[in-house]
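Here is a short tour of a protein model for your next coffee break. Have a look at the fold first, and then we will walk through its helices and ligand surroundings together.

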Amino acid sequence: MYKFKVNKKLALAIIASLSLNACSNDNSANQNDSSVVLAVVNTVLPAAQAADYESISIKPGGFNLGKVASEEEIAGWHIEVSPTHNLPPGGGSAADGEDLFEDECSSCHGSFGEDVGRNPVLAGGEGTLKDRQKPERTVGSYWPYASILLDYTHRAMPFSSAQSLTWDETWSLSAYVLYLNDIIEDEDFVFNAESYSQIVMPNVDGFVRDKRPDTHNSRCMKDCKNPKEINVKTALLGYGSGAEDVVEETKVVKGHEIGQKVYDATCRLCHDSGLAGAPKVDDVLTWEHRLRQGISQVHKHAINGFQGQNGVMPPKGGNMELTDEEVKAAVDFMLKDIEK
Ligand code: HEC
Ligand code: HEC
């Protein structure tokens, strides 16, 4: 045990300057060496600040700043609900939750979870996950465990006053959402820790462990690229697969299949819904109009990007990994029913 005198304010400044080297994770041997850089500051402080000093014991191998969190403090953060432990107390039925849902939730989610405006739809969509064009991912069609519903509702809803619901209210509202999805059929069924295991979500087997690494890059230790020349890869991925994999896979598939893969991963986000002013893929009139400039110009716009009257089409849809050919294939796929 070493004894150090540490000024509290200074300690905070040091904590703020702890820089965790967490930027690289190549899933191999390097995982444990994220190094911590400590700024050491020498200062002489006036005696008047002596009260700020506190004697702190520093164990070898640890910084030991601050104090050990108390059980109450941990409990305040430890609010997750998991299917295997920590099911919350209380309970309630769909019938109990109905009025509350109407009062607290329906303004955004609709009386039957059908959505009002732009909030997530909470019910329906079962069996649509395999539809690549329009999978409807709701609590009922997509979520694998009811515990997520309890956790999410208690943690984050109602949107404007999160964490205001009691556990009884949370169980009742969750029962009501499950009732809207026909997962609970009896409105008087009391949903609680005892009855929890009777609820099996339709998509419970729909998830697989994703073995792909978080990043395909390996850590660079010498002769590294100038950061200014590094392109940030698109964050605008479509539903499901990552764009990097598409690039790999597209080398083997042909024609519209390539186009469709690229479209799904990179372009769909905007062109399916018209996000950011993008012409919708099924808006025939718009595309006929755009095609008057000639298909090669349309290809060029998709590859190089352009600013039009509706908004900005980012070069290659923001995914600079794509080859020109892949972008052209995506355009041809988008226009396959309109061209000619
Ligand atoms: C002011 C609008 C608003 C109100 C009121 C509201 N929500 Fe939400 N809800 C949202 C928004 C927005 C999201 C999406 C948040 C996000 O994705 O970050 C959401 C997401 C959800 C989700 C996750 C859906 C999904 O598929 O991702 C559930 C479940 C949910 N809300 C339940 C409720 C319940 C139960 C109530 C009533 C206690 C409620 N909400 C009240 C706006 C609202
Ligand atoms: C961030 C949203 C966004 C993404 C992602 C995106 N686009 Fe666009 N795209 C736009 C917008 C906005 C326009 C319309 C610009 C205008 O005319 O004002 C557009 C226009 C186009 C046009 C019409 C060009 C013309 O000459 O009229 C094509 C073709 C196109 N995009 C193809 C693609 C392809 C292929 C991808 C995927 C590789 C893609 N876009 C991804 C937003 C997007």
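Of the 340 residues in the protein, 23% are buried (a residue is buried if 20 or more other C-beta atoms, placed from the backbone, lie within 10 Å of its own). Please keep in mind that this is a predicted model, in which local features need pLDDT of at least 70, side-chain atom pairs count only at pLDDT 80 or more, and totals for chains, interfaces and linings use all residues. Residues are numbered from 1 along each chain as its sequence is written, while chains are lettered from A and ligands numbered from 1 in the order in which they are written.

The protein has eleven helices and eight strands (DSSP runs numbered from the N terminus, with helices being H or I of at least four residues and strands E of at least two). Among contacts between residues at least 6 apart in sequence, 62% join residues at least 24 apart; a contact here means C-beta atoms, placed from the backbone, within 7 Å.

**The two ligands**

The table sets out the residues around each ligand, meaning those whose C-beta atom, placed from the backbone, lies within 6 Å of it. Nonpolar means Ala, Val, Leu, Ile, Met, Phe, Trp, Tyr, Cys and Pro, charged means Asp, Glu, Lys and Arg, and the others, Gly among them, are polar.

| Ligand | Surrounding residues | Closest residues | Classes |
|---|---|---|---|
| ligand 1 | 18 residues | C105, C108, M157, P158 and F159 | eleven nonpolar, six polar, one charged |
| ligand 2 | 30 residues | C267, C270, G308, M313 and G317 | 17 nonpolar, eleven polar, two charged |

Around ligand 1, the elements that give two or more residues are α4 (106-109) and α5. For ligand 2, they are α8 (255-271), α10 (295-304), β8 (312-313) and α11 (324-334). The most comes from α8, with six residues.

**Helix α5 and its neighbour**

Helix α5 (residues 146-156) has A146, S147, L149, L150, D151, T153 and H154 as its buried residues, and their cover includes α6 (167-180). How do α5 and α6 lie relative to each other? Their axes, lines fitted to C-alpha atoms over the stretch in contact, come within 9 Å and cross at roughly 125°. The two helices are therefore oblique to each other, a term for angles that are not under 35 degrees, over 145 or 65 to 115. On the α5 side, the contact is made by A146, L149, L150, T153 and H154, and on the α6 side by T170, W171, L173, S174, V177 and L178. These residues divide into seven nonpolar, four polar and no charged.

Terms used: A residue is buried if 20 or more other C-beta atoms lie within 10 Å of its own, exposed if 12 or fewer, and partly exposed in between; C-beta atoms are placed from the backbone. Two residues are in contact if their C-beta atoms, placed from the backbone, lie within 7 Å. Axes are lines fitted to C-alpha atoms, for helices over the stretch in contact, and angles run from 0 to 180 degrees between N-to-C directions.
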